[in-house]
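Look at one strand and its surroundings in the structure below, and then at the nonpolar cores. The text moves from the strand outward.

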Amino acid sequence: MSKNRAKLALLALLALVVSSCSTIGVQDGVLDSLSPAGPIAEDLANLYWLVFGIAVVVFVVVHIGLIYAIIRFRERKGDETEPKQVEGNPVLEVVWTVIPVVILAAVAVPTVERVFRYTECAPDSMRVEVIGHQWWFEYYYPDYDIWTANELNIPAGEEVCLEMTSDDVLHNYWAPKLNGKRYLIPGEETLLLMETNPIAEGGAPEEYYVHCAEFCGLSHARMRGRVVAMTQPDFDAWVANQQLPAAEPQGELAEEGLELFGSQGCAACHLIRGDYDESGDNTVLIGPDLTHFASRGSFAGSTLEYEDPDALKLWLADPPTWKPGSFMPNLGLTESDIEALEAYLRSLE
């Protein structure tokens, strides 16, 4: 029995160690909420360390008292006297009532203050609508009439107000380096404030990872995203490019891909402004707007990297295998079809 208990204790310890490795398979700790990259996240991290510090002090004090009591009042051979009882001691009762009240107040006051502070957006903050889908995030910029997916592009150092909802089931938007989690609820709107650290003029864009933190179906683990923070001039250039219609395909292969996009029924779910935008309404489609697909660094719920030369082929060959439950079906494309579609999609910059 003792050996079995030892094995169970070892397994429990291993499970604890493995569960703590939140960055396994993810480079550079991108889901580390204790490495804030913006003023809001830094403020929340400071609150965490305050609460953690109080908890550590309470833990140490309680266990010192426990160890002292175990040693001081342990049973000794030949000692039949009982420790002095303190039942009904008014002073002790007041002390151990007041101390928890003070501790709870020290935790509750700054917590509630932040709840109110981060549930309202400033009037001049940039608005972005976030729509959760199974299994990808869609973004709409009402001030610019821009639709995109997977990557949220924002000006660094500026407050951004995310107005969020869900198109199907409950999702949870989590950018750990920039803020806490917020639910995306069908039929309701929730708000999440986001602000990154400023980037020096001429500096390269910074990327921060996003993940759905609420189980939402078969491919929940592959519902990811990115926040791309850039300087104001770079953001203005991005906006100007996104407002243009789709680029004309260059070369016979890309032109063949354009024709395949229509003949294979891709336009029934995706909109490409300038080529396939009969409805002109993203809200009636179930797939991402692909007008500037090649300007994004990732796709397929931000699980595949655009720079990977084989990623797009992998996705077009059999979407449901890569993302189980995907509403994008296996179209039975031939290798030549995939090459043509890939050439066309890579031309949509």
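Why is strand β2 (residues 136–141) largely enclosed by the rest of the structure? The model is a predicted one. In it, six of the six residues of β2 are buried, that is, under 20% relative accessible area, so the strand is largely enclosed by the rest of the structure. The burial holds for both directions in which side chains leave the strand: Trp 136, Glu 138 and Tyr 140 point one way, Phe 137, Tyr 139 and Tyr 141 point the other way, and all are buried.

Next come the pairing partners of β2. Strand β1 (residues 126–133) runs antiparallel to β2 and is joined to it by five bridges. In this pairing, Gly 132 stands opposite Phe 137. A hairpin of two residues connects β1 to β2. Strand β3 (residues 146–149) is also antiparallel to β2, with four bridges between them. Here Glu 138 is placed opposite Ala 149. The hairpin of β2 and β3 has four residues between the strands, and Asp 145 takes a positive phi near 55 degrees there.

Phe 137 and Tyr 141 also lead to the cores. The largest nonpolar core has 34 residues, and Phe 137 and Tyr 141 are among those with the most contacts inside it, as are Leu 152, Leu 162, Tyr 173, Met 194 and Val 227. Elements that give two or more residues to this core include β1, β2, β4 (151–155), β5 (160–166) and α4 (232–242). The largest share, four residues, comes from β10. Apart from this core lies another, of 24 residues, including Phe 293, Ala 294, Ala 300 and Leu 333.

Definitions and conventions
Residues numbered from 1 in each chain as written. Predicted model: local features only at pLDDT ≥ 70, side-chain atom pairs only at ≥ 80, totals over all residues. Heavy atoms only, no water. Buried < 20%, exposed > 50% of the residue type's maximum accessible area, 1.4 Å probe, protein only. Pairing = 2+ DSSP bridges. Core = buried A, V, L, I, M, F, W, Y, C linked by side-chain atoms within 4.5 Å.
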